[in-house]
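Here are my notes on the model you sent over. I went through it piece by piece, so read them with the structure open.

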Amino acid sequence: MARLRFPAAAPTLTGFALTGLALAALTGFSAPARAEGLSSYGTPGLIDMPAATAAPDGTLAWTSSFLGGHTRNTLQFQITPRLSGVFRYSILRGYFDTPEADLYDRSFDLHYVFRTESPRFPALAVGLRDFGGTGVFGAEYLVATKRFLDNRLALSGGIGWGRLGSYHGFRNPLAVLGERFETRPGLTSLSETGRVSFNRFFRGEAALFGGLSYQLNDRLQLAVEYSSDAYRREVASMGFAHRSPVNFGLSWQASEALTLTAAVIGGAQLGLGFSYQLDPRAPRAPGGRERAVPPLLPRAEIAALGWPEKDTGASRSRLASALARDGLRLESYAEDGARARIVLANPGFRAAPQALGRAARAMANSLPAGIERFEITLTAQGMPTTQAAFRRADLHQLEHAWDGSWQSFARAQITDAPARLAPDPGVYPALDWSLLPYVRTALFDPDSPLRADVGLAASASYRLAPGLSVETLIRQKAFGTLDQSSRISNSIQPHVRSDAPLYDKLSGPQLVQLSADYLVRPGGDLYGRVSAGYFEQMFAGVSGEILWYPQGSRLALGAELNHLVQRDPAARLGLGDYRVTSGHASAYYDFGDSYRGQLDLGRYLAGDWGGTLTLAREFDNGFRVAAFFTLTGISFDDFGEGSFDKGISLTIPLDWLTGEPSRRGFAQTIRPIQRDGGARVAIAHRLYEEVRGTNAQTLSDQWGKFWR
């Protein structure tokens, strides 16, 4: 009789898995998208085998599975309705026959449904598993899926290569295209990890796999599959028992978003896991928790109040008080006949149209009845960016119109604002500060996959004049493990990032940032920035940037030049000997439907030349998932483990979680490994991110918030 081996729970619930659990806890098990159809690899499938299905468009899923000494933690994003991408972090205990016997593996997958299911024909999909990692899970597949019995029964079958061609494999049918498909090259050294090995795709022996799933009720699903994965290395090194190609699985829908799974793998191994899936477009508080919007007062009531039209001091005072109740700041006010002009700072609302809508209504309820036109200039750090003009009569006419949002945008006049009114007395200088807890993490160190520090961060911004400010950030660690890293860089490049652990060993308060920034408008459609000081934990210097970004344009072009000095890791304010001049030419493009792209070409911190491509999906509520990679003149071998810089970034807006107005959020960048090649300095106020929220293109996408 086969003896089931249970997974070792405590050692394999890694920090990366805990990160996924924290994400679920942070979102409060809200904003769900039904979590179904994900395999133990976190990709659309049955148990271990893939299926030609896809998650709902735009959804994000976390999957953790535990199988003996084998743990997989997977972050999956449905990039388009047909294409999904995956980052996986796995731990295989006892994988190597060395004192450091455990393998900490990072891998990427792609899954594309190239034909959707029809009444007569199945869906068809192609996939690449672990196409840019160590190749431990490397596989390719073609798979078909057809549903029956009101979609309760799903049948899948396909052909796999690589790991999915390892059980009862046969000669590759693609060999008819050439002998190169007969054999599958292997990785020869650790330095090759991270590369996209095109010469291995669909090479070597192939094997067939298949299976079915049956939905017993709304919560319970059964699955059985014939697996083409022989688990060869696990059997040889990890004591893995593989007695049968048939796997059995049971899934229970614990909630709309959470699925718990149990499976018998290889006839002898018990696997456990869970998947948590959420829809970034569905915030935790869909209706929001903003302060209620006061209705527009009838013009006759405003006239009856007898406010004089030329008493700008009284009008300014009433308007400033009304705006302050919404967390908005009035910087300038002027009247010109039947026109009132203001300069508005928006520190609270992430969507600029919401700030515009509240400001326009505050003007209608606070200014004399004879003023017919409102002109509102939006700012970024005091620098003017965009002007929006409204007719007072339009606001009253459209307040309760069923298509009021669209009509208000069509009637508004949105133009560039290369200049602004002089600030009112008392607006500058001004100080903003905060004292908040912080958490810093370091992922994927083989000695400790998750290190973290927790403490307090004090930040302050002193606004000296429009566009001119001084900012500082000081952190004091309360407890943590970032200073416990003992890894010493072996990089042959200048240690611009690989010495990062040394900067975490300094005890006491740490000055992370102390910099001055001046944001200015050189001309129409142009934005400029000059910065100097301590930019980040590792670098100080001077920086200049210019950006061309016309109103309503999908395209923006920019250029940045920096002269930098590396900070001394053993001193709070000291500087080291390493100096570098870096800079980039950048192109930004909004493809529409929430897709954005960015291309940066130039010189990096280690003196290497190359480019970074970033592709992002950013929803109108600010939730953002992005992938990036950098290629420079540094060869893969000289770069070291990982071969080149690449990763995934995730941004969760605070207002998405709480419903309360906020421009803050949580951001995490997941890199398989970061070396010295392709590194850029962190600067607080890069222009594109500062101004794009007020560009007419973004305003049009978010205008539904105008009446909120």
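Before the points, one term: two strands count as paired if DSSP finds at least two bridges between them. Keep in mind too that this is a predicted model.

1. Start with β26, β27 and β28. Strand β26 (residues 595-603) runs antiparallel to β27, and 9 bridges join the two. To find your place in that pairing, look for G597, whose bridge partner in β27 is L615. On the other side of the pairing list, β27 is also joined to strand β28 (residues 624-632) by 9 bridges, again antiparallel. There, E618 stands opposite R624 of β28.

2. The turns here are worth a look. The hairpin of β26 and β27 has 5 residues between the strands, and G607 takes a positive phi near 85 degrees in it. In the hairpin of β27 and β28, with 5 residues between the strands, G622 has a positive phi near 95 degrees. As for β27 itself (residues 609-618), the strand is mostly covered, with 7 of its 10 residues buried.

3. Charges around this region: R554, D590, R596, E618, R624, E689 and R692 are linked in a network of salt bridges. So E618 and R624, which stand opposite each other across β27 and β28, are both members of that network. D600 makes a salt bridge with R680, with the closest N and O atoms 3.5 Å apart. That pair links distant parts of the chain, since D600 sits in strand β26 and R680 in the loop between β30 (665-670) and α12 (687-691), 80 residues apart. D600 is buried at a relative accessible area of 2%, while R680 is partly exposed at 24%.

4. Two other salt bridges I'd click on, out of the 42 found in a search of the whole structure. The side chains of R521 and D416 meet at 2.9 Å, N to O. R521 lies in strand β21 (residues 510-523) and D416 in strand β17, so the pair ties together parts that are 105 residues apart in sequence. R521 counts as buried, at 10% relative accessibility. R93 and D102 also form a salt bridge through their side chains, at 3.1 Å, N to O. Both ends are partly exposed: R93 has 24% relative accessibility and D102 has 28%.

5. Now the barrel. Which strands close it? The order is β1-β2-β3-β4-β5-β6-β7-β8-β9-β10-β11-β12, 12 strands with antiparallel pairing. Neighbouring strands of this sheet are turned by 20 degrees against each other on average, direction ignored. For one pairing in detail, take strand β9 (residues 220-226) and strand β10 (residues 246-253), which are antiparallel and joined by 7 bridges. E225 has N247 of β10 as its bridge partner.

6. What does S40 touch? Leaving out residues up to four places away in sequence, the list is I47, D48, T63, S65 and R72. With R72 there is a polar contact between the two side chains, at 2.7 Å. S40 lies in the loop between α2 (15-26) and β1 (60-67). With a relative accessible area of 16%, S40 is buried, because the cut-off for that label is under 20%.

7. On to the nonpolar packing. The largest nonpolar core has 35 residues, of which L319, L356, I376 and F390 touch the most other members. Among the elements that each supply at least two residues are α5 (312-325), β15 (373-380) and α13 (696-702). The largest share, 8 residues, comes from α6. Beyond its neighbours within four places in sequence, F390 is in contact with L356, A360, E372, R373, F374, I376, A412, W703 and F706. A second, separate core has 31 residues, including L60, W62, F108 and F202.

8. Finally, some backbone oddities to check. The peptide bond from Y428 to P429 is cis, with omega near -5 degrees, and P429 lies in the loop between β17 (413-416) and β18 (430-445). H168 is not a glycine, yet has a positive phi of about 55 degrees; this residue is exposed, at 59%. Y231 also has a positive phi, near 50 degrees, but is buried at 1%. Y231 sits in the loop between β9 and α3 (232-237).

Definitions and conventions. Residues are numbered from 1 along each chain as its sequence is written. This is a predicted model: local features need pLDDT of at least 70, side-chain atom pairs count only at pLDDT 80 or more; totals for chains, interfaces and linings use all residues. Side-chain values use heavy atoms; hydrogens and water are left out. A nonpolar core is a set of buried Ala, Val, Leu, Ile, Met, Phe, Trp, Tyr and Cys residues joined through side-chain atoms within 4.5 Å. Buried means under 20% relative accessible area, exposed over 50%, partly exposed in between (1.4 Å probe, protein chains only). Helices (H or I, at least four residues) and strands (E, at least two) are DSSP runs, numbered from the N terminus. Contact means heavy atoms within 4.5 Å. A polar contact is a pair of N or O atoms within 3.5 Å; within protein, one must be able to donate a hydrogen and the other to accept it, and residues adjacent in sequence count only if both atoms are side-chain atoms. Axes are lines fitted to C-alpha atoms, for helices over the stretch in contact, and angles run from 0 to 180 degrees between N-to-C directions. A salt bridge is a side-chain nitrogen of Lys or Arg within 4 Å of a carboxyl oxygen of Asp or Glu.
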